[in-house]
Amino acid sequence: MTSPDEQAASERRAAMARQGMVIAYWAERRAARPALISPARSQTFTELNGRANQLVRALRQRGVRAGDAVALMCGNRAEFAEVYAACMRAGWRLTPINWHLTGSEAGYILADCEAKVFVTEAKLATAASEAVRHAPSVVALAVDGHIDGFDDYDRALADQHATNIDDPTPGGTMLYTSGTTGRPKGV
């Protein structure tokens with residue numbers, strides 16, 4: 001049998017999950033515990049949650065609304081988790097793009113998923129620059145360095161509040177097939 005405290009915690013976790021705020025729940029419960037551990041940068045649950053909130057605010061200022069698509073092309077790094085957490089709480093549809101793709105292949109997916117935002121890392125500058133030609137009006141953010149025509153990811157987040165957003169809306173994902181029978185398909 002569960003205690004009233006355990007029952008209340010379970011109900012709060014479920015309610016926050018329905019709003020896309022799972023990381024926020026763990027930031028409340030395990031604030032200083034590691035959420036991500038990597039050679040490049042580790043983060044506590046509080047740090048990850050705060051960065052997700054900052055990204056939501058930064059992209060909303062750039063006109064991104066619930067229901068819009070965000071494309072992400074990067075390796076395993078903290079920003080991947082930040083973008084995912086932001087999408088899940090802002091009502092955005094996240095489309096991860098395989099970082100091994102060529103610029104034109106990534107550009108096809110970027111355009112096809114109707115991305116309003118494209119986040120990538122600077123080490124993928126050549127492919128990323130080619131990809132945005134397929135979606136020229138996309139908000140483009142570069143992680144860990146400079147890409148011509150892209151805003152700096154960290155600078156975009158710098159002036160934003162890290163507190164939880166007031167109006168979480170659950171987001172989702174759109175994944176793309178490998179395209180073995182032609183072009184990749186969003187599923």
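Six strands form an open sheet in the order S7-S6-S5-S3-S4-S8, with parallel pairing. The edges belong to S7 and S8 (172–173). Each has a single partner strand, so one side of each is left without a neighbour in the sheet. The model is predicted.

Strand S3 (residues 69–73) and strand S4 (residues 93–96) run parallel and are joined by 4 bridges. Within this pair, alanine 69 has arginine 93 of S4 as its bridge partner.

**Nonpolar cores**

Nonpolar side chains tend to be buried together in soluble globular proteins. Here the largest nonpolar core has 26 residues. Those with the most contacts inside it are Leu55, Leu59, Val83, Trp92, Val119 and Tyr153. Both helices and strands contribute: helix H3 (45–61), S3, H4, S5, S6 and helix H7 (153–158) each supply at least two residues of this core. H4 gives the largest share, 6 residues. A second, separate core has 22 residues, among them Phe118, Ala128, Ala135 and Ile147.

What does leucine 55 contact, leaving aside its neighbours within four places in sequence? Its partners are Glu82, Val83, Ala86, Trp92, Leu141, Tyr153 and Leu157.

**A buried glutamate**

Glutamate 82 sits in helix H4 (residues 78–90). Is this residue buried or exposed? Glutamate 82 is buried, because its relative accessible area is 0%, and the cut-off for buried is under 20%. Not counting residues up to four places away in sequence, glutamate 82 touches Arg41, Gln43, Leu48, Arg51, Ala52, Leu55 and Tyr153. Two of these names, Leu55 and Tyr153, also appear among the core residues with the most contacts.

**Positive phi in two loops**

Most residues other than glycine have a negative phi. Glutamate 114 has a positive value, and so does aspartate 144. The table sets out both.

| Residue | Phi | Loop | Relative accessible area |
|---|---|---|---|
| Glutamate 114 | near 60 degrees | between helix H5 (103–112) and strand S5 (115–121) | 56% |
| Aspartate 144 | near 65 degrees | between strand S6 (139–143) and strand S7 (151–152) | 57% |

Why does glutamate 114 count as exposed? Its relative accessible area is 56%, and exposed means over 50%. Aspartate 144 counts as exposed because its relative accessibility is 57%.

Key:
Residues numbered from 1 in each chain as written. Predicted model: local features only at pLDDT ≥ 70, side-chain atom pairs only at ≥ 80, totals over all residues. Heavy atoms only, no water. Buried < 20%, exposed > 50% of the residue type's maximum accessible area, 1.4 Å probe, protein only. Pairing = 2+ DSSP bridges. Contact = heavy atoms within 4.5 Å. Core = buried A, V, L, I, M, F, W, Y, C linked by side-chain atoms within 4.5 Å.
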